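I opened the notebook to look up a few points in one chain. The entries follow in the order in which I made them.

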Amino acid sequence: MEHSGLAPEPQPDLQSAWTKVVAELPPNQRAWLRDSEPLTLHGSTAIVEVPNDFTRNQIEGRLRGSLERSLGEIFHREIRIAVTVNPDLDVTPDPDTQAI
C-alpha cells in the first residue's frame with residue numbers, strides 16, 4: 001500500500017467549530033447563542049442545546065442558514081442543525097428567586 005506522505009487533515013470537533021461560527025456572527029446574533037451548547041455531530045446533523053423555545057425559534061428561523069453554511073465550510077460537507085431545549089442552560093436570573 002502506497003502512502004502519499006500527507007497525513008489526513010484532522011476533523012474539527014463540533015465544540016471548536018461552534019465557537020468559531022458563533023464568534024464570527026454580528027453581536028446582536030451572537031447574543032442569541034451565548035447560552036447554547038453544541039452536543040454532538042451525528043452524521044451530518046449538529047445537535048445543539050439552547051435554554052428556551054425563544055432561542056430555539058431564533059436559531060431555527062433567522063440564524064439557521066448562516067449557521068449551517070458556516071459549519072459546512074468548516075466540516076467540508078453539508079451540515080444541518082437540530083435544536084433541543086434544555087432549561088438548565090438558562091443562566092438568566094429569575095426575579096422571583098433573587099434577594100431584595
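Before listing any neighbours I fixed the term: contact means heavy atoms within 4.5 Å. I also noted that this is a predicted model.

**Entry 1: the chain as a whole**

I looked up the secondary structure and found three helices and three strands. Read from the N terminus, the elements run α-α-β-β-α-β. I then checked burial and noted that buried residues make up 30% of the 100 residues in the chain. For contacts between residues at least 6 apart in sequence, I noted that 66% join residues at least 24 apart.

**Entry 2: Glu-68**

I found Glu-68 in helix α3. Is Glu-68 buried or exposed? I looked up its relative accessibility, which is 8%, so Glu-68 counts as buried, the cut-off for buried being under 20%. Leaving aside neighbours within four places in sequence, I listed Ile-79, Arg-80 and Ile-81 as the contacts of Glu-68. I also noted a polar atom of the Glu-68 side chain 2.9 Å from the backbone nitrogen of Ile-81.

**Entry 3: helix α1**

Which residues of helix α1 are buried? In this helix, residues 14–23, I listed Leu-14, Ala-17, Trp-18, Val-21 and Val-22. They cover an arc of only 130° around the axis, which puts them on the same side of α1. I looked for what covers these buried residues and found that the cover includes α2 (27–30), β1 (37–42), β2 (45–50), α3 (53–75) and β3 (80–85). At the start of α1, I noted that a side-chain oxygen of Asp-13 comes to within 3.2 Å of the backbone nitrogen of Gln-15.

**Entry 4: Trp-18**

I took Trp-18 from helix α1 as a single case. Its relative accessible area is 3%, so Trp-18 is buried. With neighbours within four places in sequence left aside, I listed its contacts as Leu-33, Ser-36, Pro-38, Val-48, Leu-67, Leu-71 and Ile-81. I also looked up Trp-18 against Glu-37: they are 19 residues apart in sequence, and their C-alpha atoms are 8.5 Å apart in space.

**Entry 5: α1 against α3**

Two packed helices are described by the angle between their axes and the distance between the axes, so I looked up both. For α1 and α3 the angle is about 130° and the axes are 10 Å apart. The two helices are therefore oblique to each other. I recorded their crossing as right-handed. Which residues meet there? From α1 I listed Leu-14, Ala-17, Trp-18, Lys-20 and Val-21, and from α3 Leu-67, Ser-70, Leu-71, Ile-74 and Phe-75.

**Entry 6: Ile-74**

I followed up Ile-74, which is placed in helix α3. Ile-74 has a relative accessibility of 19% and therefore counts as buried. Apart from neighbours within four places in sequence, I found Ile-74 in contact with Pro-12, Ala-17, Lys-20 and Val-21. I also noted that the C-alpha atoms of Ile-74 and Asp-13 are separated by 9.8 Å, with the two residues 61 apart along the chain.

**Entry 7: His-76**

Most residues other than glycine have a negative phi. I therefore made a note of His-76, which is not a glycine and has a positive phi of about 60°. I located His-76 in the loop between α3 and β3. Its relative accessibility is 62%, so I entered His-76 as exposed.

How values were computed
Residues numbered from 1 in each chain as written. Predicted model: local features only at pLDDT ≥ 70, side-chain atom pairs only at ≥ 80, totals over all residues. Heavy atoms only, no water. Buried < 20%, exposed > 50% of the residue type's maximum accessible area, 1.4 Å probe, protein only. Helix = DSSP H or I, 4+ residues; strand = E, 2+ residues; numbered from the N terminus. Arc of directions from axis to C-beta. Polar contact = N/O pair within 3.5 Å; in protein donor to acceptor, adjacent residues only side chain to side chain. Axes fitted to C-alpha atoms, helices over the stretch in contact; angles between N-to-C directions. Parallel < 35°, antiparallel > 145°, perpendicular 65-115°, else oblique. Left-handed = near helix turned anticlockwise from the far one by under 90°.
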